[in-house]
Amino acid sequence: MSKHGKVLVAMSGGIDSTVTAMLLHEEGYEVIGITMKTWDYANSGGSKKETGCCSLDSINDAREVAVSMGFHHFIIDIRDEFGDFVIDNFVEEYIAGRTPNPCVLCNTHIKWNALLKRANSLDCEFIATGHYAQVKELNGRKYISKGADPHKDQSYVLWGLTQEALKRTQFPVGKFTKPEVRQIAFDAGYAELSKKSESYEICFVPDNDYRGFLKRRLPDLEEQVKGGSFINTKGEVIGKHEGYPFYTVGQRKGLGMAFGQPMFVTEIRPDSNTVVLGELDELVRNSMSVYQVNSMKYDRIPDGLEALTKVRYKDAGTMSQLSNTPEGRISVEFFANVSGIAPGQSAVFMEGDDVIGGGIIYKEIPKDFILS
């Protein structure tokens, strides 16, 4: 019998999930490793060799670690459920003129559901991953808090987890820094693993060419959308573009034209295949609407609550006031100007190190004035 019960560990073959399994094993849990095959990049038409969590090398690395530590390891194929949901949504969002965040969607709807389903079938009380975050509790509610390493903190991508999922989730590496995790692996005899590099790419777009991915998924797309207009914020046509799905709000590089001054994508209008360009100050907004909201720290996000709101993963955040709307959305009023608010991206509300909740940016709301 194990000291603490059974835990199902998601193992990608990387250092973080390996150390996660190692720590839990040393604490006395009965560890079962599981590697999820989410995407077959070899069939996607990409130009780069398959890498990351879905590669055969990574799967073999995870299995070898499990064997060396003496616990069971399983490989599960969730390509169908992953593809139908995450990839279809990825494509649909770009066609709708928005910028999706597939990692958030995958965590919320695919990976945790798959882990909990297999944990139940294997009689595991807990699940664990190698995310740099922590789970805390207040008034009987579980919530995500930042990981100890500010450079690796992944709380932003976990805002969608349910109370059911959080009650059974552990993040052992969340209390360590990345250098400490590498040292743990090295001290345990995994010298090569301790030096293993990381991938920051979307797993099904490992060449980082999302435009090429869209073209391969929708062979007629390029022909259908090419030749749309670039317009300025006054409505004047200033050029032609390759098609609205191939641009994102905040983009400056890769516009394919020179305008004599730096220009940024400020809005995408899919109905008319129009991309609006403006100067940097025309990218500024000070309010937005958020939908598909998950309240984590509280039963319901309190009206008028002041919170730090992040609009992208590496965003330091901006203080704001949150209000509930009759449609079930959250209206966010920023206390300072924010640039590059992209519909489709995640908005995450923070209280100190704690995640209050989050949602999907529905739209940015232009104002008639700019905050000074």
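How many aromatic pairs does the count come to? The count comes to twelve aromatic pairs, where rings of Phe, Tyr and Trp (its six-membered ring) pair if their centres lie within 6.5 Å. Before we zoom in, please note that this is a predicted model, in which local features need pLDDT of at least 70, side-chain atom pairs count only at pLDDT 80 or more, and totals for chains, interfaces and linings use all residues. Residues are numbered from 1 along each chain as its sequence is written, and side-chain values use heavy atoms, with hydrogens and water left out.

**View A. Phe90 meets Phe213 edge-to-face.** The two ring centres are 5.8 Å apart, with 75 degrees between the planes; planes over 60 degrees apart count as edge-to-face, under 30 as stacked and the rest as tilted. Phe90 belongs to helix 3 (residues 79-95) and Phe213 to helix 8 (residues 210-217), so the pair links distant parts of the chain, 123 residues apart. Helices here are DSSP runs of H or I with at least four residues, strands are runs of E with at least two, and both are numbered from the N terminus. Phe90 is buried, with a relative accessible area of 1%, and Phe213 is buried at 1% as well. Buried means under 20% relative accessible area, exposed over 50% and partly exposed in between, using a 1.4 Å probe and protein chains only.

**View B. Tyr94 and Tyr210 are stacked.** Here the centres are 4.4 Å apart and the planes 15 degrees apart. Tyr94 lies in helix 3 and Tyr210 in helix 8, so this pair ties together parts that are 116 residues apart in sequence. Tyr94 counts as buried at 6% relative accessibility, and so does Tyr210 at 10%. Both tyrosines belong to one aromatic cluster with Phe82, Phe90, Phe204 and Phe213.

**View C. The charged end of Arg329 sits over the ring of Tyr362.** It is 3.8 Å from the ring centre. A charge sits over a ring if NZ of Lys or CZ of Arg is within 6 Å of the ring centre and within 35 degrees of the ring normal. Lys297 likewise lies over the face of Tyr143, at 5.3 Å from the ring centre.

**View D. Four strands form an open sheet with mixed pairing.** Their order is 9-8-11-10, and two strands pair if DSSP finds at least two bridges between them. Strand 9 (237-241) and strand 10 (264-269) are the edge strands, each pairing on one side only. Strand 10 runs antiparallel to strand 11 (residues 274-278), and five bridges join them. Arg269 has Thr274 in strand 11 as its bridge partner.
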